[in-house]
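Reader: I'd love a close look at one part of this protein: the biggest open space in it and the helices around that space. Could you walk me through what lines it and how those helices pack?

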Amino acid sequence: MFIAIILIQTTIPGIGNIPIGPLSITIIPITIIVASILLGSKNGAILGGVWGLITFIRAFWWPTSPLAVFVLINPIISVLPRILVGLVSGLFYHKLVKYKINNKLLMSLSGIIGSLINTILVLFLIYIFYKNDSFNIYHINTNELLPYLLGIAGTNGLIEAILSGIFVPLIAVPLQKIKK
């Protein structure tokens with residue numbers, strides 16, 4: 001079921017990303033994080049891998065942005081962070097749930113962590129791999145690439161983390177009750 005949701009979110013415009021002015025807020029990590037809470041970190045990592053693989057393929061076939069054809073053709077950028085979203089957020093939740101921490105708070109923190117992993121890793125890896133090509137790809141000076149990426153992290157990334165922190169428990173709590 002979660003794979004079908006990811007396929008829909010990644011192929012139908014406007015479902016996996018919410019356009020807000022010049023920003024495009026990615027909500028796909030919420031699906032990955034909810035799955036990792038409900039199904040475990042291994043399954044969350046697999047689902048993240050599916051998302052990453054679709055991202056990688058789309059960079060060649062149907063890119064989501066003009067920059068995707070340059071940076072998301074690198075599977076270390078397009079796949080690895082997505083796998084880690086499911087793995088780390090699931091591990092975080094499942095390791096701490098046994099300490100009787102408030103379940104909704106723990107889900108919210110897992111949502112924030114998972115979302116930040118995606119944002120920080122993708123942007124960091126773009127910087128590492130493409131800083132010397134920044135003028136050719138982004139049409140900005142190499143010295144301006146880091147502030148540009150930090151600006152994305154501070155806008156998109158922060159909004160995505162807040163939304164994940166809000167929506168992960170709103171979705172996962174009722175599904176957890178149904179699962180039991």
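Author: Sorted by class, the lining of the largest pocket comes to 22 nonpolar, 16 polar and 3 charged residues. Please keep in mind that this is a predicted model. The pocket has a volume of about 1100 Å³, and 41 residues line it, with Ser24, Thr26, Thr64, Ser65 and Asn156 lying nearest its centre. Several elements give two or more residues to that lining: helix H1 (2–11), strand S2 (23–26), H3, helix H4 (68–71), helix H7 (103–130) and helix H9 (142–179). H9 gives the most, with 7 residues.

Two of these elements, H3 and H7, also pack against other helices, so to speak of their surroundings, let us start with H3 (residues 41–61) and its contact with helix H2 (residues 28–39). Their axes are 7 Å apart and meet at an angle of about 155°. Angles over 145 degrees count as roughly antiparallel, which is why H2 is described as roughly antiparallel to H3. The crossing is right-handed. On the H2 side the contact is made by Ile28, Pro29, Thr31, Ile32, Ala35, Ser36 and Leu39, and on the H3 side by Ser41, Asn43, Gly44, Leu47, Gly48 and Trp51. By class, that contact has 7 nonpolar and 6 polar residues, and no charged ones.

H3 packs with helix H6 (residues 80–96) too, at an angle of about 160° and with the axes 6 Å apart. That angle makes H3 roughly antiparallel to H6, and their crossing is right-handed. Here Ser41, Gly44, Ala45, Gly48, Gly49, Trp51, Gly52 and Thr55 of H3 meet Arg82, Ile83, Gly86, Leu87, Gly90, Leu91 and His94 of H6. The contact of H3 with H6 divides into 5 nonpolar, 9 polar and 1 charged residue. Ser41, Gly44, Gly48 and Trp51 of H3 appear in the contact with H2 and again in the contact with H6.

Turning to H7, its partner here is H2, and the two pack at an angle of about 130° with their axes 9 Å apart. That makes H2 oblique to H7, and this crossing is right-handed. Pro29, Ile33 and Ile37 of H2 touch Met107, Ser110, Gly111, Gly114, Ser115 and Asn118 of H7. This contact has 4 nonpolar and 5 polar residues, with no charged ones. Pro29 of H2 takes part in the contact with H3 and in the contact with H7.

Terms used:
Residues numbered from 1 in each chain as written. Predicted model: local features only at pLDDT ≥ 70, side-chain atom pairs only at ≥ 80, totals over all residues. Heavy atoms only, no water. Axes fitted to C-alpha atoms, helices over the stretch in contact; angles between N-to-C directions. Helix = DSSP H or I, 4+ residues; strand = E, 2+ residues; numbered from the N terminus. Parallel < 35°, antiparallel > 145°, perpendicular 65-115°, else oblique. Left-handed = near helix turned anticlockwise from the far one by under 90°. Contact = heavy atoms within 4.5 Å. Nonpolar A, V, L, I, M, F, W, Y, C, P; charged D, E, K, R; others polar. 1 Å grid on protein atoms, 1.4 Å probe; cavity = no way out; pocket = protein on both sides within 12 Å on 5 of 7 lines; lining within 4 Å. Points joined across faces, edges and corners; volume = space filled by probe spheres on them.
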